[in-house]
Amino acid sequence: LWSVVVYDSPEADRMTVVDKHVAGLPAIIEDGTLVAGGQINDNSDPRKPIGSSLMIRADTKEDVVKILKNDTFGKYNIWDIDNAIIHNLFCVYREGQAYQL
């Protein structure tokens, strides 16, 4: 499992392709690739998107980068993938499930 924070590129306007992005989500949710995800908002303006926070199931960090690049936000350079923060995550707790120690 991988924890990912990927900010939007400075001049990107995600609203121009958000419908395409959302249309692609069911496939990666249903196949178990996307465990959780959502929009990160600016602290000073809670309605202004600045990026995304994701939990991705993949074998390697390189696989995570491929997944990001294949997403609409990756293809349209909305996300600044080169500066994404990607870490392998050992999930100890998940809501509704027992601890995994």
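In which helix is K69 found? Let me answer that straight away, since it gives us a place to start: K69 is found in helix α2, and with a relative accessible area of 47% it is partly exposed. Before going further I should say that what we are looking at is a predicted model, and I would ask you to keep that in mind throughout. If we take K69 together with S53, the two are 16 residues apart in sequence and 15 Å apart in space, counted from C-alpha to C-alpha.

Let me turn to the sheet. It is an open sheet of 4 strands, and reading across it the order is β2-β3-β1-β4, with antiparallel pairing. The edges are taken by β2, residues 34–42, and by β4, residues 85–88, and because each of these has a single partner strand, one side of each is left without a neighbour in the sheet. Neighbouring strands of this sheet are turned by 20° against each other on average, if direction is ignored. As a general reminder, strands of a sheet pair through backbone hydrogen bonds, either parallel or antiparallel.

Now the individual pairings, beginning with β2 and β3, which run antiparallel to each other over 8 bridges. A hairpin of 2 residues makes the connection from β2 to β3, and two positions help us to follow this pairing on the screen: D42 stands opposite D45 in β3, while G37 has L54 of β3 opposite. N43 has its place in the loop between these two strands, β2 and β3, and at 80% relative accessibility N43 counts as exposed. For a sense of distance from that loop, the C-alpha atoms of N43 and D19 are separated by 24 Å, and the two residues are 24 residues apart along the chain.

On to the next pair: strand β1, residues 2–7, and strand β3, residues 45–56, pair in the antiparallel sense over 6 bridges, and here S3 has M55 as its bridge partner in β3.

What about the interior? Which residues have the most contacts inside the largest nonpolar core? That core has 17 residues, and the ones with the most contacts inside it are V4, L54, I56, V64, L68, W79 and I86. Looking at where the core comes from, β1, β3 and α2, the helix of residues 61–70, each supply at least two of its residues, and β1 gives the most, with 3 residues. You will recognise L54 from the hairpin, where L54 of β3 stands opposite G37.

Next, charge pairing. In general, side chains of opposite charge can pair when their charged atoms come close. In this model the count comes to 1 salt bridge, in which the side chains of D8 and R14 meet at 2.8 Å, N to O. Is D8 buried or exposed? D8 is buried, and R14 is buried as well.

In the loop between β1 and α1, the helix of residues 18–30, we find A12, which is partly exposed, with a relative accessible area of 27%. A12 and G51 lie 39 residues apart in sequence, and their C-alpha atoms are 10 Å apart in space.

One backbone detail deserves a moment. Although N77 is not a glycine, it has a positive phi of about 55°. N77 is found in the loop between α3, residues 72–75, and β4, and at 55% relative accessibility N77 counts as exposed.

Finally, let me move to the surface and to the segment after β4, which is where V92 has its place. V92 is partly exposed, with a relative accessible area of 32%, and together with F90, Y93 and Y99 it makes a nonpolar surface patch of about 470 Å².

To draw this together, I would leave you with three pictures: the open sheet in the order β2-β3-β1-β4, the nonpolar core of 17 residues to which β1 gives the most, and the nonpolar surface patch made by F90, V92, Y93 and Y99. As I said at the outset, the model is a predicted one, and I am happy to take questions.

Definitions and conventions: Residues numbered from 1 in each chain as written. Predicted model: local features only at pLDDT ≥ 70, side-chain atom pairs only at ≥ 80, totals over all residues. Heavy atoms only, no water. Pairing = 2+ DSSP bridges. Axes fitted to C-alpha atoms, helices over the stretch in contact; angles between N-to-C directions. Patch = residues over 30% accessible without salt bridge, like charges linked within 9 Å, V, L, I, M, F, W, Y side chains within 5 Å. Areas by Shrake-Rupley, 256 points an atom, 1.4 Å probe, with all protein chains shown as cover. Salt bridge = Lys/Arg side-chain N within 4 Å of Asp/Glu carboxyl O. Buried < 20%, exposed > 50% of the residue type's maximum accessible area, 1.4 Å probe, protein only. Core = buried A, V, L, I, M, F, W, Y, C linked by side-chain atoms within 4.5 Å.
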